[in-house]
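Student: I'm new to this structure and would like a close look at one part of it. Could you take me through the nonpolar core and what sits around it?

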Amino acid sequence: MTARLVFTAGLTVLWLMLWGSVTPLAVVGGVLVAVLAMVAFPFPTMTWDVTFRPWPFVVLTARFFADVLRASVQVAWLAIRPARPPRSAIIEVQLQTRSELVMTQIAEMISLVPGSLLVETDPDTGRLWLHVLDGHDEQAVEHAHRMAAAQEQRVLRAFATDADLTENGHPEEAA
């Protein structure tokens, strides 16, 4: 129930931002539109099995921002260098986790790093398909695979349940 209230409040705030003013009529209209949207497009039930670990979260956040900065410089160089753009590639990444929530977090963080974009996910098999800007050779593709796997490990360490960590080969961190 509280998730629905939070979602209603969030949609109402978004509505108010779109209208650009906070009036009683806009607030009532925002709440009505939010409720209508939730009734018309209900979310599937999903378990929120996560365990928040502060230090791995700090590591995840710091590394994410470092990756964004590094990749931004690399993509900018690819855009202005005198050579032709590198050949891009679509790669398949096999994740260890089957949690849709964790897979979504991994996919979003990978997509937010310049030079990579999520194409498709398959939660049943734990696979992601990514478009990578620089896929000119096997070494570049392998680098993209390693980056995705490392991102998954950081997300798992920060948010996975103890059972997920043990299942995915991190029993020492589940304690």
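Tutor: Sure, let's start with the largest nonpolar core, which has 26 residues in this predicted model. Ile91, Val93, Ile106, Leu128 and Val155 are the ones with the most contacts inside it. Who supplies the residues? Helix 3 (54–80), strand 1, helix 4, strand 3 and helix 5 (138–159) each give two or more. Helix 5 gives the most, with seven residues. As a rule, nonpolar side chains in soluble globular proteins tend to be buried together.

Now zoom in on Ile91. Setting aside residues up to four places away in sequence, Ile91 touches Leu128, Trp129, Leu130 and Val132, and also Val141, Ala144 and His145. Leu128 turns up again here, after being listed among the core residues with the most contacts.

Strand 3 is worth following a bit further. Strand 3 (residues 127–132) pairs with strand 2 (residues 116–122) in the antiparallel sense, over six bridges. One of the partnerships joins Asp122 to Arg127 in strand 3. Between the two strands of this hairpin there are four residues, and Gly126 takes a positive phi near 75 degrees.

That turn has a visitor, Arg98, from the loop between strand 1 (89–94) and helix 4 (100–112). Apart from its neighbours within four places in sequence, Arg98 is in contact with Pro123, Asp124, Thr125 and Gly126. Its side chain reaches the backbone oxygen of Thr125 at 3.2 Å. Look at Arg127 as well: 29 residues separate Arg98 and Arg127 along the chain, yet their C-alpha atoms are 9.0 Å apart. Arg98 has a relative accessibility of 41%, so it counts as partly exposed.

Last, go back to helix 3 and helix 5 and look for aromatic rings. The count for the model comes to five aromatic pairs. In one of them, the ring centres of Phe57 and Phe159 are 5.8 Å apart and the planes meet at 70 degrees; planes over 60 degrees apart count as edge-to-face, so this pair is edge-to-face. The pair links distant parts of the chain, with Phe57 in helix 3 and Phe159 in helix 5, 102 residues apart. Ring pairs also bring in Phe52, which makes a cluster with Phe57 and Phe159. As for accessibility, Phe159 counts as buried because its relative value is 18%, under the 20% limit, whereas Phe57 is partly exposed at 32%.

Key. Residues numbered from 1 in each chain as written. Predicted model: local features only at pLDDT ≥ 70, side-chain atom pairs only at ≥ 80, totals over all residues. Heavy atoms only, no water. Pairing = 2+ DSSP bridges. Buried < 20%, exposed > 50% of the residue type's maximum accessible area, 1.4 Å probe, protein only. Contact = heavy atoms within 4.5 Å. Polar contact = N/O pair within 3.5 Å; in protein donor to acceptor, adjacent residues only side chain to side chain. Core = buried A, V, L, I, M, F, W, Y, C linked by side-chain atoms within 4.5 Å. Phe/Tyr/Trp six-rings, centres within 6.5 Å; stacked < 30°, edge-to-face > 60°.
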